[in-house]
Amino acid sequence: MKIQGKMFIWLSVFILAMAVLYGVWSKEPAGTTALFLAFGLCVMVGYYLAFTAKRVDAMAQDNKEADVADEAGEVGFFAPHSWQPLSLAVGGALAFLSVAIGWWLMYFSAPIILVGIFGWVFEFYRGENQNQ
């Protein structure tokens, strides 16, 4: 994590220099503002990673003598299958389509989105995947 923190801090220094250069040279407020906001985001991410790296154990990526196999192991639990993303995609598509067609379509898309969200949150509390 130390390496990523340093990378984001150096990236933020570069973006700050480019934001100042762009602001002085172009005098265009939208792009200058976007670059300064990107600088702020890089500082936040870099600070978080550097702050967290002090409080966690050193990872294999922080050791110059580490092998690729040193980070091997269980990454996490991933659901084997789920129909809930399809429900959310259909509901989201209908919700965005309601902007173009008419807001009345939102009455049909909102229940589909809610069913998808509740189904995804509680999919391991019932059914065949209950004990996973």
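This is a short talk on two helices and one loop residue in a predicted model.

Some ground rules. Residues are numbered from 1 along each chain as its sequence is written, and side-chain values use heavy atoms, with hydrogens and water left out. Because the model is predicted, local features need pLDDT of at least 70 and side-chain atom pairs count only at pLDDT 80 or more, while totals for chains, interfaces and linings use all residues.

I start with helix α1, residues 2-26 (helices are DSSP runs of H or I, at least four residues, numbered from the N terminus). Its 25 residues reach 35 Å from first C-alpha to last, close to the expected 36 Å; the expected span is 1.5 Å times one less than the number of residues. In α1, G5, S12, I15, A19 and G23 are buried (under 20% relative accessible area, 1.4 Å probe, protein chains only). These buried residues pack against α2, residues 29-53 (contact means heavy atoms within 4.5 Å).

Next, the loop between α1 and α2, where K27 is found. K27 is not a glycine, yet has a positive phi of about 55°. Most residues other than glycine have a negative phi. K27 counts as exposed (over 50%) because its relative accessibility is 68%.

Last, helix α3, residues 84-101. Which residues of α3 are buried? They are Q84, S87, G91, G92, A95 and S98. They cover an arc of only 130° around the axis (taken from the directions from the helix axis to the C-beta atoms), so they lie on the same side of α3. On the other side of α3, F96, A100 and I101 are exposed. The cover over the buried residues of α3 includes α4, residues 106-121.

Notes:
Helix = DSSP H or I, 4+ residues; strand = E, 2+ residues; numbered from the N terminus.
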